[in-house]
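Visitor: I am new to this structure and would love a close look at one part of it. Could you pick a helix, take me through its surroundings, and then show me how the rest compares?

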Amino acid sequence: MAATNTTLRFDFGSGQPAPGYTKVTPTTQYTGQLGYGLEPGSAVESVDRGGRDRLKADFLTSEAPFYFSVHLPEEGNYRVTVILGDRRAAATTTVKAELRRLMLANVHTAPGHFQTRTFLVNIRTPRIAGDGEVRLKPREKVYEAVAWDDKLTLEFLGPHPAVCGLTIEKDDQVPTLYIAGDSTSTDQPREPFSGWGQMLPVFFKPSIALANNGESGESLRSFIAEKRLDKVMSVIRPGDWLFIQMGHNDQKEKGPGVGAFTTYKADLKRFIAEARQHGATPVLITPMNRLTFDPNGKIMNSLGDFPEAVRQTAKEEHVALIDLHAMSAKFYEALGQQNAHLAFAGSDHTHTDDYGSYELAKCIVEGIKANKLPLAKYLYPLPRFHPEHPDEIKSFPIPSEPQSGLTPRPYGE
C-alpha cells in the first residue's frame, strides 16, 4: 500500500493526546490554515473516562450528527480507520463519508469495549488531468459541494456515537468501483432523498473503494457532454469496475433518431468500450422502476423501451447485467400499494428514501452474486436477498438525519 508522506492520526477528546496523534477537541473548528477540524454546526461534547490508554480514555459524542474534515492534497482513495467505544457505557456509532455515503452502520460496543473498523473513501475534484474540468450543476456547487472539494469529510451519528481515534492514509493499490448514474443512484445531499449508490459502500470490505460519480438529472448524453465520462476515464485503471445505470432522463430526450434502441444503445456501447479500453470491467444495470401501480397491484413499466435496450446491449456486448428494473418491481409489489410509498421520499414516485435505497443496494449486491462477478469477493458475507421478501420497514437499522433547512429536490422525475 502506498501512503502519503505522513499518515494522519487524530485523537478525539479534551484530554492529553496519545503519542503521535493530533488532538481534536469540541472547539477544534475546520479552517483552511489548520487543515482539519469539525465542520460548522457540529455541537459535540468531550467525555473523559480516564485510563492509561490515552487514545481510548476520552472521545467525542453528540446527540446530533457531527462532521469532521481533513484537507487532502490529492484526490483518490484513502484508507480510514476509526476507533469507536466508551469505557463506561454502551455506544452505537454510524459513520458516513463525503456526501452521506454509508460506511459503517450501527457499530455497537459494550461498556469498556472498543472496535477498530476500517473503510475506504474516494474523494475527487472537478479537475480533469490535461483536459479542463467537469461542468458542475449549480446544486453541486452549493448543496453537494462536499462531494467535489479537496477535503475528506466524515459524519458520525447514532443514539450514542463514541469516536476515540482516527487514522487516514492514501491507498493507491486498491481497485475502485465507479458508478455512472442519475438521481436514483447518486449521493443525495439531504433527507429524505437517498440513492442506492450511497448505501452500497457498507456492503463492501475495505479492499475496494467505491466512487459514486452519478449525478441528479443525468442521461448518457449529458454525462458525456458535461465531461463526467472524461473525468471517470481520466482516473479509472486496469482492474477497476464501471457500473452504468441510466434511463430515467434519457427517456425524456427528443430529436431525430433519438430513442432507446438508437442513440441510447449507441451511448451505452461507448461507455462499455471506453471502460474496456482502460482495462476496466463494465456492468450494465437496468433503470429502477418508478412507483407506478396498476389496478391489480402490479408495477407498470413507465420507462418504455429503455430497460429492454439495456438488456439487449448487455447481450450484444457480452457484458454482465444487473436487472434492477425487474428486482425493484418485485420489491415494490412485496410492500404493496399501501406501504410502498414508505420506500420513497415523501410523495415522490421516483426517488427513494434511506430505506428504499438500502433495499435497492441489496438488489445490486444480489445481482453481483447472481452474475458470479469476481467483484463478489470484496463483499461482506450477507444472506441471500430476495426482493420479493424485503426487510421490515420498522426494523430498518440506519439512523435518519435531521431534515433541517431547504431540501433540494433532485433533478428529474
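Guide: Here is a walk that starts at one helix and moves outward from there. Please keep in mind that this is a predicted model.

Let us begin with helix H5, which covers residues 260–277. Its 18 residues should span 26 Å at 1.5 Å a residue, and the end C-alpha atoms lie 24 Å apart, so the two values agree. Just past the helix comes Gly279, which has a positive phi, near 80 degrees.

Which residues of H5 are buried? They are Ala260, Tyr264, Lys265, Asp267, Leu268, Phe271, Ile272, Glu274 and Ala275. The elements covering these buried residues include three strands, namely E13 (176–181), E15 (241–245) and E16. Helices take part as well, among them H3 (220–225), H4 (228–235) and H6 (306–317).

Those strands lead us to a sheet. E13, E15 and E16 belong to an open sheet of five strands, ordered E14-E13-E15-E16-E17 and paired in parallel. At its edges are E14 (209–212) and E17 (320–322), each pairing on one side only. On average, neighbouring strands here are turned by 25 degrees against each other, direction ignored. For a detail, look at E16 (residues 281–285) beside E17: three bridges join them in the parallel sense. One place to find this pairing is Val283, whose bridge partner in E17 is Ala320.

Several of these strands also feed the largest nonpolar core, which has 45 residues. Leu200, Phe204, Phe243 and Leu375 have the most contacts inside this core. At least two core residues come from each of E13, E15, E16 and E17, and likewise from each of helices H2 (196–199), H7 (324–335) and H8 (354–370). H8 gives the largest share, eight residues. If you would like to see one core residue up close, try Leu375: leaving out residues up to four places away in sequence, Leu375 touches Leu177, Phe204, Ile208, Trp241, Phe243 and Ile368.

There is a second core too, separate from that one, with 29 residues. Among its members are Leu38, Val44, Leu60 and Phe68. Two of these, Leu60 and Phe68, are also contacts of Val24, a residue of strand E2 (residues 22–24). Val24 has 0% relative accessibility, so it counts as buried. Beyond its neighbours within four places in sequence, Val24 is also in contact with Phe10, Asp11, Phe12, Gly13 and Tyr36. As for distances, Val24 and Glu155 are 131 residues apart in sequence, while their C-alpha atoms are 15 Å apart in space.

Phe10 takes us on to strand E12. Strand E1 (residues 8–12) joins E12 through four bridges, and the two run antiparallel. Here Phe10 has Leu166 as its bridge partner in E12. Strand E7 (residues 76–86) also runs antiparallel to E12, with seven bridges between them. In that pairing, Ile83 is matched with Gly165. How much of E12 (residues 163–170) is buried? Eight of its eight residues are, which makes E12 a mostly covered strand. One of the residues in this stretch is Cys164, which counts as buried because its relative accessibility is 0%. Cys363 also has 0% relative accessibility, so Cys363 counts as buried. As for bonds between cysteines, the structure holds zero disulfides.

Our last stop is another open sheet of five strands, this one with antiparallel pairing and the order E3-E6-E11-E8-E9. Its edge strands are E3 (36–38) and E9, and each of them pairs on one side only. Neighbouring strands in this sheet are turned by 15 degrees against each other on average, direction ignored. Within the sheet, E8 (residues 91–97) and E11 (residues 151–160) pair in the antiparallel sense over five bridges. Thr94, for example, has Leu157 as its bridge partner in E11.

On the edge strand E9 (residues 101–109) you will find Thr109. Is Thr109 buried or exposed? Thr109 is buried, because its relative accessible area is 5%, and the cut-off for buried is under 20%. Apart from neighbours within four places in sequence, Thr109 is in contact with Leu84, Gly85, Asp86, Ala89, Ala90, Ala91, Phe114 and Gln115.

Definitions and conventions:
Residues are numbered from 1 along each chain as its sequence is written. This is a predicted model: local features need pLDDT of at least 70, side-chain atom pairs count only at pLDDT 80 or more; totals for chains, interfaces and linings use all residues. Side-chain values use heavy atoms; hydrogens and water are left out. A disulfide is a pair of cysteine sulfur atoms within 2.5 Å. Buried means under 20% relative accessible area, exposed over 50%, partly exposed in between (1.4 Å probe, protein chains only). Contact means heavy atoms within 4.5 Å. Two strands pair if DSSP finds at least two bridges between them. Axes are lines fitted to C-alpha atoms, for helices over the stretch in contact, and angles run from 0 to 180 degrees between N-to-C directions. The expected span of a helix is 1.5 Å times one less than its number of residues. A nonpolar core is a set of buried Ala, Val, Leu, Ile, Met, Phe, Trp, Tyr and Cys residues joined through side-chain atoms within 4.5 Å.
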